[in-house]
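Please look through the model below with its sheet, its helices and its ligand in mind. The paragraphs that follow begin with the ligand and then move outward to the fold.

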Amino acid sequence: MIYEPREDSYLLEKEVRLLAKGLHVLDMGAASGIQAEAALDAGAERVLCVDIQEDVVVYLKKKGLNAIKSDLFSNVQGRFDLICFNPPYLPFDKREDKYSEVITSGGEKGDELLVIFLGEVGNYLEKEGIVLIVLSSLTPRARILNVLKEKDFAWKVVAKKKVFMEKLEVWRIREKI
Ligand SMILES: C[S@@+](CC[C@H](N)C(=O)[O-])C[C@H]1O[C@@H](n2cnc3c(N)ncnc32)[C@H](O)[C@@H]1O
């Protein structure tokens, strides 16, 4: 199932456009490719799209984007200046089918996938590389903040938007220098 761009996609896209020029970019959970296309449009040097869904990878390749199938970083090689991820960040909802679950549910509580991603992302970042992630007010923060602390990352909220009952945020994360 390909996630059609929504408010969260557009909020992240703005930040990607501001940073991507000249950079080697990884678009994690690329789906429609909105972040990858924004990065290329803004002058990124190279962009790699990653998604866990085979049909998404086929779709992105048809669009002419460089894409691989990977569960987070399992098939990713190399280092990147900018890694962006608009992840599934909502708590598991048992009414969902397995197709919508993979694009919306970040695990039982909603933070599990992001916690794994943040635990691994430092191994794929160039020195002074930047990570952009999207979070919702429905995503628990404690374990995310713990992993950022453990990995010695500095973070800052760079964009916010209220969408119905939910508040969306984009966080910019980098290793402390
Ligand atoms: C909310 S959509 C975001 C799509 C797009 N980047 C955007 O901003 O509109 C999340 C995407 O992450 C992908 N995804 C979910 N779990 C993943 C995992 N473990 N590894 C890689 N991609 C994953 C889903 O297939 C889905 O395409």
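A polar contact is here a pair of N or O atoms within 3.5 Å. In this predicted model, that cut-off takes in the backbone of I52, where an N or O atom lies 3.3 Å from a nitrogen atom of the ligand. Side chains contribute as well: a polar side-chain atom of S9 lies 2.7 Å from an oxygen atom of the ligand, and an N or O atom in the side chain of Q53 is 2.8 Å from a ligand oxygen atom. Taken alone, the ligand would expose 600 Å², of which the protein buries 98%. There are 19 residues around the ligand, and those that come nearest are S9, G29, D51, Q53 and D71.

Turning to the fold, one finds an open sheet of seven strands, arranged in the order β3-β2-β1-β4-β5-β7-β6 and with mixed pairing. At its edges stand β3 (67-69) and β6 (153-163), each of which pairs on one side only, while neighbouring strands of the sheet are turned by 15° against each other on average, if direction is ignored. Strands of a sheet pair through backbone hydrogen bonds, either parallel or antiparallel. Strand β4 (residues 80-85) and strand β5 (residues 125-136) run parallel and are joined by five bridges, and C84 stands opposite L132 in β5.

Helices lie across this sheet. Helix α1 (residues 7-19) lies across β4, β5, β6 and β7 (166-175), and runs at about 30° to β7, whereas helix α3 (residues 54-62) lies across β2 (46-51) and β3, running at about 165° to β3.

Note on methods. Residues are numbered from 1 along each chain as its sequence is written. This is a predicted model: local features need pLDDT of at least 70, side-chain atom pairs count only at pLDDT 80 or more; totals for chains, interfaces and linings use all residues. Side-chain values use heavy atoms; hydrogens and water are left out. Two strands pair if DSSP finds at least two bridges between them. Helices (H or I, at least four residues) and strands (E, at least two) are DSSP runs, numbered from the N terminus. Axes are lines fitted to C-alpha atoms, for helices over the stretch in contact, and angles run from 0 to 180 degrees between N-to-C directions. Contact means heavy atoms within 4.5 Å. A residue is near a molecule or strand if one of its heavy atoms lies within 4 Å of it. A polar contact is a pair of N or O atoms within 3.5 Å; within protein, one must be able to donate a hydrogen and the other to accept it, and residues adjacent in sequence count only if both atoms are side-chain atoms. Accessible areas come from the Shrake-Rupley method with a 1.4 Å probe; for residues, only the protein chains shown count as cover.
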